[in-house]
Amino acid sequence: MQAQPEASHFVDGRYLEDAAGAVMESRYPATDAVIARLHAATPAVIEAALAAAARAQADWAAWKPVERGRVLLRAAALLRERNAELAELETLDTGKPISETLVADAASGADCLEFFGGLAAALTGEAIPLGAGDFAYTLREPLGVCVGIGAWNYPIQIACWKAAPALACGNAMVFKPSELTPLTALRLAAVLVEAGAPPGVFSVVQGAGDVGAALVADARVAKVSLTGSVETGRKVYAAAAAGLKPATMELGGKSPLIVFDDADLEDAVGGAMLGNFYSAGQVCSNGTRVFVQKGIRARFLARLAARTRAIRLGDPLDADTQMGPLISAGQRDRVLGYIDGALAEGARLLTGGRAWGNAGWFVEPTVFDGVTDAMKVAREEVFGPVMSVLGFSEEDEVVARANATPFGLAAGVFTRDIARAHRVVARLQAGTCWINSYNLTPVEMPFGGVKASGFGRENGRAAVEAWSRLKAVHVGMGPVDAPF
Ligand code: NAD
């Protein structure tokens, strides 16, 4: 199984290699087979990418917005044409099942390119009347050279969620994928050039945190957008702050999903499973604290156990597989450590709980019942297929417990009581909420967190704020009234 790219980096409109960079291996998490060998970016590669971005950006920003949009729309069409091939590559790089990568990864990236491609020509300022003929107006300007840094769970989607709005606003971007999943962002870079983006407008450089840190610190960089853990977020935000650069932080979570007694049972169980087992639980917005009201709890647990036991683990390239492995041996061991910890703290294992298979980094979909707020598994992000079910009695109680976390990425509520749904959502400290659904992130809807889960929004019109700034222009129409 091979997925060797033409070269490690894509800089200034073409693939670029520098064998002096440290060797990076991309491994298929289902077998641990090496599928590609790359080199981390050397200072020379980083310099080439930033210099090209700085040069290309001014020209790109001067393009007619509708033409910038057209490039993004063409790129979206190319992603869709190549969806099957890109899905396979994403499966090899991440281990996510092909049943997911065919519908969620490049396809959602294409949605994003279409949304911001369409929006590019509609990004305008406003005129502000000031009386006596005076007025002011605002111009929406690009920020300049931007840096995007990605996590490993949704490689091409994250690259598109950052690149599409950034480019639509007239910025250039240097993107660094996660060192664990370097492959599909390179394809996006090539597709953008094929779609007509000038060389240098979107470059991809590989490497670990040190390469990311070098990009963030560079004086030419005007903006940083990170998708990653809270720990990395603190470092990247601090480095951005040193240069007084605006930042967007899409970080981790420990999101609550609240199931009231009157919820539709199958929908609530399905929502909880979607919010814990998709991508083998490696989703930042997962509702990993499932609060279930006492009247529905027994029925909920019975259906949840039955449906969870039926999940098909296996070869991610097999169309029937529903759950693949975790990204790495380290992540598998981390997740098993949380499972052991939950058992030691007295949580009741409903199903799962073990590593699975003879090869690869699989963990069985796991459900714990009887989890308390104080247990580590209920406080820390596991990033694996581990659901914690907690009981509750009253609305006020569950809202307080749901909010008692440093995180605030997402939250969900299942109830048939429409007034309660909106009342509870209004009180939840989370950037993204779902009522009677979970983990759906259509591009039309802003996405992002509060508290330690980060700030700034991706997707929707709101993302424009993250990738542009306003210039205000006051226009004097009469004589200048100076007191001197
Ligand atoms: P990570 O924090 O380990 O790495 C994220 C990226 O940051 C990688 O590309 C890494 O190389 C880079 N990086 C590390 N140190 C850096 C530094 N000092 N300077 C610049 N860049 C640096 O995260 P991960 O393990 O790849 O991903 C999992 C985490 O990401 C989870 O916590 C998950 O919740 C979060 N996540 C959040 C979202 C969201 O949208 N909120 C989406 C996906 C994943």
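Tutor: A salt bridge is a side-chain nitrogen of Lys or Arg within 4 Å of a carboxyl oxygen of Asp or Glu. This is a predicted model, in which local features need pLDDT of at least 70 and side-chain atom pairs count only at pLDDT 80 or more, while totals for chains, interfaces and linings use all residues. Residues are numbered from 1 along each chain as its sequence is written, and side-chain values use heavy atoms, with hydrogens and water left out.

Student: What makes Glu266 and Arg303 a salt bridge?

Tutor: Their N to O distance is 2.5 Å, so the pair meets the cut-off. It links distant parts of the chain, with Glu266 in helix H10 and Arg303 in helix H11 (residues 297–309), 37 residues apart. Helices (H or I, at least four residues) and strands (E, at least two) are DSSP runs, numbered from the N terminus. The rule gives 28 salt bridges in total.

Student: How do you know that Lys162 forms a salt bridge with Glu458?

Tutor: The closest N and O atoms of Lys162 and Glu458 are 3.0 Å apart, so this pair qualifies too. Lys162 belongs to helix H6 (residues 155–168) and Glu458 to the loop between strand S21 (454–455) and helix H16 (463–467), so the bridge ties together parts 296 residues apart in sequence.

Student: Why does Lys162 count as buried?

Tutor: Buried means under 20% relative accessible area, exposed over 50%, and partly exposed in between (1.4 Å probe, protein chains only). Lys162 has 0% relative accessibility, so it counts as buried. Glu458, with 5%, is buried as well.

Student: Why is Asp396 called exposed?

Tutor: Its relative accessible area is 52%, so it passes the exposed limit. Arg427, its salt-bridge partner at 2.9 Å between the closest N and O atoms, has 37% and is therefore partly exposed.

Student: What makes the pair of Phe115 and Phe116 edge-to-face?

Tutor: Rings of Phe, Tyr and Trp (its six-membered ring) pair if their centres lie within 6.5 Å; planes under 30 degrees apart count as stacked, over 60 as edge-to-face and the rest as tilted. The structure holds 11 such pairs. For Phe115 and Phe116, the centres are 4.9 Å apart and the planes meet at 80°, so both conditions are met. Phe260 and Phe392 also form an edge-to-face pair, at 5.4 Å and 90°. Phe260 lies in the loop between strand S12 (256–259) and helix H10 (265–277) and Phe392 in strand S18 (residues 386–392), so this pair ties together parts 132 residues apart.

Student: How do you know that the charged end of Lys96 sits over the ring of Tyr154?

Tutor: The test asks for NZ of Lys or CZ of Arg within 6 Å of the ring centre and within 35 degrees of the ring normal. Lys96 is 3.4 Å from the centre of the Tyr154 ring. Lys223 lies over the face of Trp467, at 5.0 Å from the ring centre.

Student: Why are the buried residues of H9 said to line one face of the helix?

Tutor: The buried residues of H9 are Val230, Gly233, Val236 and Ala240. Seen down the axis, they fall within an arc of 120° (taken from the directions from the helix axis to the C-beta atoms), so they line one face. The face turned away from them carries the exposed residues Glu231, Arg234, Lys235 and Ala242.
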